[in-house]
Amino acid sequence: MARILTGIQSSGNNGEVHLGNILGAIKPGIELSEKEENEAFFFIADLHSLTTVKDAEVRKRNVYAVAAAWLAFGFDTKKNVFYRQSDVPEVCELTWYLNCYTPYPMLANAHSFKDKSDNLSDVNAGLFDYPVLMACDILLYDAEFVPVGKDQKQHLEMTRDIASSFNHQNGETFVLPEPLIDERVMVIPGTDGRKMSKSYDNYINIFLPDKKLRKVIMRIETDSTPMEEPKNPDSCNVFALYKLLANDDQIAEMRKNYEGGNYGYGHAKQALYELIVDIFKSERENYWRLMENTDEIDRLLKEGAEKARKVAQPVLQKVRNKLGYN
Ligand code: ADP
Ligand code: TRP
């Protein structure tokens with residue numbers, strides 16, 4: 001059994017989960033978790049989000065939205081462990097211990113810190129210490145594999161460095177985790193053709209109610225080729241998204257429509273809208289049901305945290321023993 005672990009970001013100001021997150025993170029994550037040989041520890045990183053989100057209600061809502069999306073897509077919380085980072089306070093204690101094994105320059109030179117400290121007005125110590133908390137998220141559970149995006153590679157290297165240095169000084173304690181970086185990751189384009197992202201406001205939240213969802217899809221940017229003229233599907237943002245979701249026959253038909261003329265972008269957008277509503281019917285319904293029953297989300301996350309703490313506590317105890325805090 002391989003233990004795979006990853007933290008799911010819950011930052012941002014509106015808790016929306018978009019098609020890029022679904023195709024780029026949720027679906028591949030669920031696929032990994034379904035393999036018999038894997039046991040997945042997936043948690044919502046709501047302590048990390050305190051570095052940037054100060055409003056408690058916003059942070060809570062974000063956790064629910066993210067959890068509801070994973071659950072709506074069928075993440076199996078019985079086979080795996082699904083929890084909220086802040087429900088396992090052991091991680092904060094370990095963070096203090098490992099802070100004292102982390103060289104200051106390692107954190108000062110981290111790309112993500114440099115980037116954030118150049119761009120954010122609130123440059124707090126939490127932002128600086130972010131990689132140590134992340135290392136503890138991983139080391140506290142003896143995780144072996146950590147699926148992450150390329151941007152997190154340096155954080156994984158730091159985790160291994162911190163763990164090795166602790167092991168070296170105190171004897172074998174932590175498992176050294178391996179990153180699982182999918183080099184083929186698809187970049188899902190947004191409504192303006194750039195990478196879909198909350199930061200560009202070009203995203204499609206498939207969980208919006210029908211009318212609002214349709215409005216977002218109608219806003220996809222297209223060129224001004226008149227309705228009657230043939231169009232190039234391969235340079236069109238609507239077709240790019242349709243292609244990611246439709247079956248081969250549907251794709252071939254839309255391609256024919258584009259190339260044949262007398263088919264407007266409005267028609268293509270309507271087809272994309274209908275396809276999304278159709279293929280994500282049950283996921284959208286599950287999501288709405290969960291968002292109206294946040295008690296159920298809380299119950300599932302608490303159950304997950306109990307399972308997680310059973311694994312975390314002995315690891316933390318081992319560290320306390322080594323450091324003479326027993
Ligand atoms: P955003 O850019 O909207 O803030 P996040 O950085 O919170 O998104 O991404 C959360 C997860 O979703 C990450 O694992 C990331 O790789 C994935 N993801 C986000 N946007 C895309 C996209 N456009 N295409 C593929 N995967 C994406
Ligand atoms: N920093 C990660 C991100 O921005 C989220 C995260 C927090 C994480 N703790 C983690 C990822 C532990 C993997 C393992 O996406």
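Helices and strands here are DSSP runs, numbered from the N terminus, so a label such as α6 just tells you where you are along the chain.

**Figure 1. The whole chain in a predicted model.** Let's start with the full view: the protein chain has 13 helices and five strands. Its C-alpha trace spans about 80 × 40 × 35 Å along the principal axes. A compact globule of 326 residues would have a radius of gyration near 20 Å, and the 22 Å of this chain agrees with that. Of those 326 residues, 48% count as buried.

**Figure 2. Two domains in one chain.** The domain assignment puts residues 2–187 together with 294–323 in domain 1, while domain 2 covers 210–279. How far apart do the C-alpha centres of the two domains lie? The answer is 37 Å.

**Figure 3. A closer look at D142.** You'll find D142 in the loop that runs between α6 (125–139) and β4 (145–148). D142 isn't a glycine, yet its phi is positive, at about 50°. Is this residue buried or partly exposed? With a relative accessible area of 23%, D142 is partly exposed, because buried means under 20%.

**Figure 4. Over to N262.** This residue sits in the loop between α10 (248–260) and α11 (265–279). N262 has a positive phi too, about 55°, although it is not a glycine. Its relative accessible area is 55%, so N262 counts as exposed; the cut-off for that word is over 50%.

Note on methods. Residues numbered from 1 in each chain as written. Chains lettered and ligands numbered in written order. Predicted model: local features only at pLDDT ≥ 70, side-chain atom pairs only at ≥ 80, totals over all residues. Heavy atoms only, no water. Helix = DSSP H or I, 4+ residues; strand = E, 2+ residues; numbered from the N terminus. Rg over C-alpha atoms; globule rule 2.2 N^0.38 Å. Buried < 20%, exposed > 50% of the residue type's maximum accessible area, 1.4 Å probe, protein only. Domains from an automatic or database assignment.
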